[in-house]
Amino acid sequence: MIITKHQLTAIGALLTGAATVSAFNAHPTTCAPRLTGPASSARFMADFDDSFPSDSSEDPHFTVESEDATIDVENKPPTASESVVSSIMDYLPSSLTSSGEISADDRAMINEAILKLEALNPTEDPVYSSLINGVWTLRYAGGYSQPKIPSPTRDLALFLYSGGYSPGLFALGLAQKLPAQLVELGDLEISISRSQPRIEAKIDVKLFGGSEETVEVKARLEVDSGLRFTETYESASVLGQTVDIPEALQYSRDLYVSYVDEDILVVRDGAGVPEILVRK
């Protein structure tokens with residue numbers, strides 16, 4: 001058979017095309033990497049499917065399981081003020097109306113903790129702060145050491161020099177004069193409001209037979225500076241009988257706010273005796 005020049009050219013073109021197709025088909029089999037496992041499948045889908053973004057948390061190769069990267073919010077360390085408040089609460093009686101005397105050692109620990117807490121007061125000019133307002137429970141009232149030799153005029157002198165008892169302690173004193181076998185005293189609450197008289201100290205009293213009454217003392221609270229109030233008694237109410245204190249007999253005392261936050265209030269009278277109130 002005689003092959004012409006044109007036939008040779010056509011045969012050469014066919015052979016060249018076949019070699020190219022063979023090389024193309026062989027390349028994926030010999031060179032393409034195998035995609036195995038969930039991570040490889042996820043990356044492949046991320047590259048070609050817009051519905052599966054490459055930075056999705058569903059992609060296994062973005063999972064971080066290091067213990068150092070875990071943050072436990074509930075177990076974060078307490079602040080300095082929280083630690084001091086916690087130590088104070090450990091020593092405070094559950095209620096002033098039902099608890100007995102606080103030991104001298106416990107009073108010393110409470111007073112030391114109060115000094116630490118006052119140094120951490122987060123509220124500037126606390127007298128002007130709205131945190132003052134609210135309903136509080138009086139949990140601690142400081143006192144004076146008992147003298148070795150009793151003095152019949154000691155209580156009167158302390159009363160006069162300190163500017164009088166707080167309304168809360170005055171209400172407590174009135175309630176405790178009721179026959180113990182006939183009444184049951186509740187907690188001592190002190191409400192501080194915006195309008196005068198701003199202070200209302202109240203103790204719920206359950207009488208024998210089930211009826212309920214209250215012992216209340218009300219007082220004005222005047223602002224003197226960013227740290228100091230003047231507290232002046234106005235009236236007292238015992239079992240529904242209210243007595244307005246005549247102006248000539250009203251007495252007042254200076255009251256210094258040394259610490260206040262969302263949960264606790266510390267005040268001192270003119271003699272420096274502290275009281276601790278816990279928000280209800």
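**Group meeting: a cavity, a helix face and some odd backbone angles**

Okay, let's start in a loop: Asp-125 sits between α4 (104-118) and β1 (134-141). Keep in mind that this is a predicted model. What caught my eye there is phi, which is near 50° for Asp-125, so we have a positive value in a residue that isn't glycine. For background, most residues other than glycine have a negative phi. And is Asp-125 buried or exposed? Neither, really: Asp-125 is partly exposed, at a relative accessible area of 39%.

There's another one like that further along. Leu-239 isn't a glycine either, and its phi is positive at about 55°. You'll find Leu-239 in the loop between β5 and β6, and that loop belongs to a hairpin with two residues between the strands. Leu-239 is partly exposed too, with a relative accessible area of 30%.

While we're on the backbone, have a look at Pro-197, in the loop between β2 and β3. The peptide bond running from Gln-196 to Pro-197 is cis, and omega there is near -10°. Again for background, most peptide bonds are trans.

Now to β5, residues 228-238. How many of its residues are buried? Eight out of 11, so β5 is mostly covered. Let's go through its partners. With β4, β5 pairs antiparallel over nine bridges, and a hairpin of four residues connects β4 to β5. If you want to find that pairing on screen, look for Val-215, whose bridge partner in β5 is Val-238.

Then there's β7, which runs antiparallel to β5, with five bridges joining the two. A handy marker here is Thr-230, standing opposite Asp-254 in β7. And β6, residues 241-244, also pairs antiparallel with β5, this time over four bridges. There, Val-238 stands opposite Gln-241 of β6. So Val-238 turns up in both places, as the partner of Val-215 and across from Gln-241.

Next, the helix α6, residues 167-176. Its buried residues are Pro-167, Gly-168, Ala-171, Leu-172 and Ala-175. Why do I say they make up one face? Because looking down the axis of α6, the buried residues fall within an arc of 140°, so they line one face of the helix. The spacing rule is a useful thing to remember: an α-helix has 3.6 residues a turn, so residues three or four places apart point the same way. And what covers the buried residues of α6? The cover includes β2, β3 (199-207), β4 (212-223), β5 and β7.

Last stop, the inside. The count gives one cavity of 30 Å³ or more, and the space in it comes to about 140 Å³. Its lining is made of 17 residues, and the ones nearest the centre are Ile-192, Ile-199, Glu-231, Leu-255 and Val-267. By class, that lining splits into 12 nonpolar, two polar and three charged residues.

Which elements build the lining? At least two residues each come from α6, β2 (183-192), β5, β7 (252-260), β8 (264-269) and β9 (274-279). The largest share is from β7, with three residues. So when you rotate the model, α6, β5 and β7 are worth following together: each supplies lining residues, and both β5 and β7 are among the strands that cover the buried residues of α6.

That's my tour, thanks for listening.

Notes: Residues are numbered from 1 along each chain as its sequence is written. This is a predicted model: local features need pLDDT of at least 70, side-chain atom pairs count only at pLDDT 80 or more; totals for chains, interfaces and linings use all residues. Side-chain values use heavy atoms; hydrogens and water are left out. On a 1 Å grid over the protein atoms alone, a cavity is a set of points where a 1.4 Å probe fits but cannot get out, and a pocket is an open set with protein on both sides within 12 Å along at least five of seven lines; lining residues have an atom within 4 Å of a point. Grid points are joined across faces, edges and corners, and a volume is the space filled by probe spheres set on the points. Ala, Val, Leu, Ile, Met, Phe, Trp, Tyr, Cys and Pro count as nonpolar, Asp, Glu, Lys and Arg as charged, and the others, Gly among them, as polar. Buried means under 20% relative accessible area, exposed over 50%, partly exposed in between (1.4 Å probe, protein chains only). The arc is that of the directions from the helix axis to the C-beta atoms. Contact means heavy atoms within 4.5 Å. Two strands pair if DSSP finds at least two bridges between them.
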